Amino acid sequence: MGNIVMFIILAVVIVASALLCVTTTRIMRAATYMLFVLFGVAGIYFLLDYTFLGAAQIAVYAGGVTMIYVFAIQLVSKRTLQGLEEKLKASRLIPGAMAALAGLLVVGFIIAKTVFYSSAPSNVEVPMAEIGRALVGAGKYGYVLPFEFISLFLLACIIGGLIVARKEEQK
């Protein structure tokens with residue numbers, strides 16, 4: 001019973017923070033709300049007794065949010081950070097709402113067609129060592145190559161952000 005209550009609390013925190021993250025107009029608040037979402041997801045990992053994934057969630061993604069703070073301060077002008085906001089235009093709101101509705105319909109269709117329960121015993125648990133081998137394996141179902149591409153992509157983003165910030169200072 002306690003796990004269900006904890007899951008409901010974490011789910012409410014995640015959904016509320018995610019909604020606040022995408023609806024706020026201030027970049028620092030959005031990053032803070034995103035931090036709450038990431039901590040909520042880590043809480044769900046801890047609730048499922050996946051302590052390694054929960055700790056990785058906090059270490060990697062909370063560190064990522066800290067980087068967002070740094071780049072937001074460096075790359076965004078002071079006027080934007082002080083709360084000057086752009087007004088919502090109906091020409092942008094309607095297509096955005098239609099795209100969100102289409103995405104919701106696709107996700108709902110996929111969930112309706114997916115079989116979540118199989119005839120396999122429900123107490124089958126994947127060992128953490130097997131998950132670790134899959135994450136760093138280079139074989140058919142290994143994920144080391146996508147991780148390397150993501151790290152190169154993030155490095156390119158950091159370098160591009162520094163170049164953009166430096167060009168603004170030279171003007």
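What percentage of the 171 residues of the protein count as buried? In the predicted model described here, 13% of the 171 residues fall into that class. The secondary structure comes to seven helices and zero strands, and from the N terminus on the elements run α-α-α-α-α-α-α. Confidence in the prediction averages a pLDDT of 79 over the protein, with 81% of the residues scoring at least 70. The highest confidence is found in H1, at a mean of 92, whereas the lowest is found in helix H4, residues 78-81, at a mean of 58. Where pLDDT is low, the predicted coordinates should not be read in detail.

Helix H1, which covers residues 2-23, contains Ser 17. With a relative accessibility of 8%, Ser 17 counts as buried, because buried residues are those under 20%. The side chain of Ser 17 reaches the backbone oxygen of Val 13 at 2.8 Å, and Val 13 is in turn one of the residues that make up a nonpolar surface patch. This patch, of about 810 Å², is made by Met 1, Val 5, Met 6, Ile 9, Val 13, Phe 36, Phe 39, Phe 46 and Ile 58. H1 and H2 each supply at least two residues of the patch, and H1 gives the most, with four residues. Ile 58, which also belongs to the patch, is found in helix H3; at 31% relative accessibility, Ile 58 counts as partly exposed.

Helix H2, residues 27-47, agrees in its length with what its number of residues would lead one to expect: at 1.5 Å a residue, its 21 residues should span 30 Å, and its end C-alpha atoms are 30 Å apart. The buried residues of H2 are Ala 30, Ala 31, Leu 35, Val 37, Leu 38, Gly 40, Ala 42, Gly 43 and Ile 44. Met 34, by contrast, which also lies in helix H2, is partly exposed, with a relative accessible area of 28%. The C-alpha atom of Met 34 is separated by 9.2 Å from that of Ala 62, although the two residues are 28 residues apart along the chain. A contact from helix H3 involves another residue of H2, since the side chain of Gln 57, which is found in H3, reaches the backbone oxygen of Leu 38 at 3.4 Å. Gln 57 is itself buried, with a relative accessible area of 8%, and Leu 38 is likewise listed among the buried residues of H2.

The loop between helix H2 (27-47) and helix H3 (51-75) contains Asp 49. The phi of Asp 49 is near 65°, a positive value in a residue other than glycine. Most residues other than glycine have a negative phi. As regards accessibility, Asp 49 counts as exposed at 63%, because that value is over the 50% required.

Further along the chain, helix H5 comprises residues 90-113, and its 24 residues reach 34 Å from the first C-alpha to the last, close to the 34 Å expected at 1.5 Å a residue. H2 and H5 can be set side by side with regard to burial: H2 includes buried residues such as Leu 35 and Ile 44, whereas of the 24 residues of H5 the number buried is zero, so H5 lies largely in the open.

Towards the C terminus, Gly 142 is found in the loop between helix H6 (128-136) and helix H7 (144-170). Gly 142 is partly exposed, with a relative accessible area of 21%. Gly 142 and Gly 132 are 10 residues apart in sequence, and their C-alpha atoms are 9.7 Å apart in space.

Key. Residues numbered from 1 in each chain as written. Predicted model: local features only at pLDDT ≥ 70, side-chain atom pairs only at ≥ 80, totals over all residues. Heavy atoms only, no water. Expected span 1.5 Å × (residues − 1). Buried < 20%, exposed > 50% of the residue type's maximum accessible area, 1.4 Å probe, protein only. Patch = residues over 30% accessible without salt bridge, like charges linked within 9 Å, V, L, I, M, F, W, Y side chains within 5 Å. Areas by Shrake-Rupley, 256 points an atom, 1.4 Å probe, with all protein chains shown as cover. Salt bridge = Lys/Arg side-chain N within 4 Å of Asp/Glu carboxyl O. pLDDT = per-residue confidence, 0-100. Polar contact = N/O pair within 3.5 Å; in protein donor to acceptor, adjacent residues only side chain to side chain.
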